[in-house]
Amino acid sequence: MTQDPLVIFTPSGKRGRVPAGTTVLTAARRLGVDLDSVCGGRGICSKCQVSPGKGRFDKHGVTVAEDALSGINAVEERYDRIRGLKPGRRLGCQAQICSDVVLDVPPESQVHRQVVRKNADARPIEMDPATRRYFVSVPEPDMHEPRGDLERLIEALAGQWRIEGATAAPAVLAKLQQALRKGEWEVTLAVHQGAETEPPRIVDLWPGFRDAPLWGLAIDLGSTTIAAHLTSLEDGHVEASAGIMNPQIRFGEDLMSRVSYSMMNEGGAAEMTTAVRAAIDDLARGLAEEAGIEPRDIVEAVFVCNPVMHHLLLGIDPVELGQAPFALATSDAVSLPARDLDLGAINAGAQVYALPCIAGHVGADAAAVALSERPDQSDDLVLIVDVGTNAELLLGDRARVLACSSPTGPAFEGAQISSGQRAAPGAIEAIRIDPETKAPRFRVIGCDKWSDEDGFWEAVGPGGVTGICGSGIIEAVAEMRIAGLVDARGLIGSAEQTGTNRMIAEGRTHAYLIHDGAEAGGPRITVTQGDIRAIQLAKSALYAGARLLMDERGVEAVDRVVLAGAFGAHISPKHALVLGMIPDVPVERVTSAGNAAGTGARIALCSRAARREVEVLVREITKVETAIEPRFQEHFVAANAIPHATAPFAGLRATQPLPEPSFNANGGGEGGGGRRRRRARD
């Protein structure tokens, strides 16, 4: 019997089979996918736009045919003719599912749009930007001195500012004569010189004296999100910040899925490059509009990204990064014109600088974290963890710095979790479970009140509680462990074992009910046994990476831990320790660095000296390859326990002791002998 088509929505990861001929919007509603619609499916509002994928998706085990969706109908043609659809987009209320398909729901089509929490941290920076303003007076042309306007301008720049041998692109030359005459032979120049050995280059010019500042973009290009900070090149302050989902998610949520997509689909790498460059361009345009500045005033951009994103940004096929020895096309810093990256929303002469990569799986984002946090200047042994879909770790002090990456996957960001979602208003971001009553109370993004406080439901608004995001699921699992609802192996107890009717039987396993909004038409939010397993796998990879670095340094403990990254900034240190995400330290020795990669990008944007420093620093960092190290698997297996099976946990005792329940998959508890046997195994 022929199966109904399989439909998979990204970035949520929700999937299911629907009858052929079902519209995308109807399928989304059946599967609980966050797809907007205002007009009720009449093809008027365009809120339900989706981007269908094509080709082989190994991660999902499907091949999407060209005709997986019905052809464009008259409603879509009319909308495209009058208002325009982005290339490749379809209206979900009109497109019908004909065969297996992978559909990306872009941020603007989501009811609960993501809050990309990558704010800029205040940090004093010694300003030494590569692009500066110069006011120059140029001698007027003389019949007896047959030199061109450009030659006299270059001579004036050298004489008045000691900037020798400047060059100018044809675009600058095209506006030179008009600017000189309009400014009465005085002009303001934007001149770029990335290093003292590089020839200066005139980026742009304006008639007369122009007091408006020049701007740069510090861009943290992550596998899940892209964050950008519009930064003054005069004093380093951030005028505006914004973030968007990386559109490459529709090709695969993790890096290896994208490498696989490139391998399996001809032109796949170019397709992903085009998508991410267009998103960055849109992000830059939006920041300029928000700040009320001319896009022309953005004259430079600095990028930090992991190796796969680095290659796809530069238009390099990342296939070699998917197989040993994980060779980079280049590990050095890269400087190139912004036009080479199709960035049309900033100055046509703008220059781009991409920080160097450390190794095949440890990229420029880790280099930026090192620049921001400077473990090489630490007197004590510090572990810096940049938590994301692919976590990157630095361990070091003044003696030596080590680095590795760990494939944690998307579970920490709410993906592959039964009630999971990206960070958006209405998502549970923090939770506490009473150890006595086993009752939860929680806080959602967009509301400062806890669920047991007066006025919470009014403050949450009509959107209500929508799901649970990454920081929420981490706290939920840790709180379940603290409250005795989960044992050290990660097994959830039954209602009888735990003494609460919030434990719901699901076959041979159980789930913990956090919130039931079914009566009001909302979701039922639970933590299932599958959710626990997903978090165990993610945290085990993170912990194993840290232990591997510690082995390399020959130490059993670190002095302090720094959680970095947009997601790391929202992790509770106590709950991270309870889960065993990080090596055990006193809880007060776990701190957050915020978006350290973004901070490193801003430092490099504002300081040429910092660029030189990071280019030296990455060559001094020792890379440890988790993919080929046998001890990684040993640490990974031991770390599956909560918090972990082998390491002491003195830091946890500073918070509160953990209970020692022991459950089994059939819903019965182990007796004393069974518990003793388990302890012996551990």
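Student: How do I read the accessibility of a side chain such as Q377: is Q377 buried, exposed or partly exposed?

Tutor: Look at the relative accessible area, where buried means under 20% and exposed means over 50%, with partly exposed in between. Q377 has a relative accessible area of 43%, so Q377 is partly exposed. Keep in mind that this is a predicted model.

Student: Where along the chain is Q377 found?

Tutor: Q377 belongs to the loop that runs between α8 (364-373) and β18 (382-386). You can also compare sequence with space: G396 is 19 residues away from Q377 in sequence, and their C-alpha atoms are 8.8 Å apart.

Student: Which loop holds D397, and is D397 buried or exposed?

Tutor: D397 sits in the loop between β19 (391-396) and β20 (401-406). Its relative accessible area is 13%, so D397 counts as buried. A side chain can also touch the backbone, and here that of D397 comes to 2.9 Å from the backbone nitrogen of A399.

Student: Let me try another loop residue. Is E519 buried or exposed?

Tutor: The cut-off for exposed is over 50%. E519 has 87% relative accessibility, so E519 counts as exposed. You will find E519 in the loop that links β25 (509-516) and β26 (524-527). Measure from E519 to Q529, and you get 25 Å between C-alpha atoms for 10 residues of sequence.

Student: And what about F209, buried or exposed?

Tutor: F209 reaches 56% relative accessibility, so F209 is exposed as well. Its loop lies between β11 (201-207) and β12 (215-221). The C-alpha atom of F209 is 17 Å from that of L233, a residue 24 places away along the chain.

Student: Can we step back to the whole chain? How many helices and strands does the protein chain have?

Tutor: There are 19 helices and 29 strands in the protein chain. Its C-alpha trace spans about 105 × 70 × 55 Å along the principal axes. Of its 682 residues, 58% count as buried.

Student: How does the radius of gyration of the protein chain sit beside that of a compact globule?

Tutor: The idea is to take the number of residues and ask what a compact globule would give. For 682 residues the expected value is near 26 Å, and the protein chain has 27 Å, which agrees.

Student: What should I notice about helices in general?

Tutor: An α-helix has 3.6 residues a turn, so residues three or four places apart point the same way. For a case here, go to α2 and check both ends. At its start, a side-chain oxygen of N73 lies within 3.2 Å of the backbone nitrogen of V75. After α2 comes G84, with a positive phi near 90 degrees.

Student: How much space lies in the largest pocket, and which residues are closest to its centre?

Tutor: The largest pocket holds about 1100 Å³ of space. It is lined by 48 residues, and the closest to its centre are S51, K86, R89, P106 and R250. The elements giving two or more residues to this lining are β3 (49-52), α2 (74-82), β7 (101-104), β14 (238-245) and α6 (268-291). Of these, α6 gives the most, with seven residues. By class, the lining has 24 nonpolar, 10 polar and 14 charged residues.

Student: How many cavities of 30 Å³ or more are there?

Tutor: The structure holds four of that size. Take the second largest cavity, with about 50 Å³ of space. Among the residues lining it are R56, F57, D58, F251 and Y261. Two elements, β4 (55-57) and α5 (255-264), give two or more residues to the lining, and the largest share, three residues, comes from α5. The lining has three nonpolar, four polar and three charged residues.

Student: Last topic: how many disulfides does the structure hold?

Tutor: There are zero disulfides. To check a cysteine, find the nearest cysteine sulfur; a disulfide needs the two sulfur atoms within 2.5 Å. For C305, the nearest is the sulfur of C357, 6.6 Å away, and C305 is in no disulfide.

Student: Why is the sulfur of C606 without a bond to the closest cysteine sulfur?

Tutor: The closest cysteine sulfur, in C305, is 18 Å from the sulfur of C606, which is too far for a bond. As for burial, C606 has 0% relative accessibility and so counts as buried, and C305, at 1%, is buried too.

Note on methods. Residues numbered from 1 in each chain as written. Predicted model: local features only at pLDDT ≥ 70, side-chain atom pairs only at ≥ 80, totals over all residues. Heavy atoms only, no water. 1 Å grid on protein atoms, 1.4 Å probe; cavity = no way out; pocket = protein on both sides within 12 Å on 5 of 7 lines; lining within 4 Å. Points joined across faces, edges and corners; volume = space filled by probe spheres on them. Helix = DSSP H or I, 4+ residues; strand = E, 2+ residues; numbered from the N terminus. Nonpolar A, V, L, I, M, F, W, Y, C, P; charged D, E, K, R; others polar. Polar contact = N/O pair within 3.5 Å; in protein donor to acceptor, adjacent residues only side chain to side chain. Buried < 20%, exposed > 50% of the residue type's maximum accessible area, 1.4 Å probe, protein only. Rg over C-alpha atoms; globule rule 2.2 N^0.38 Å.
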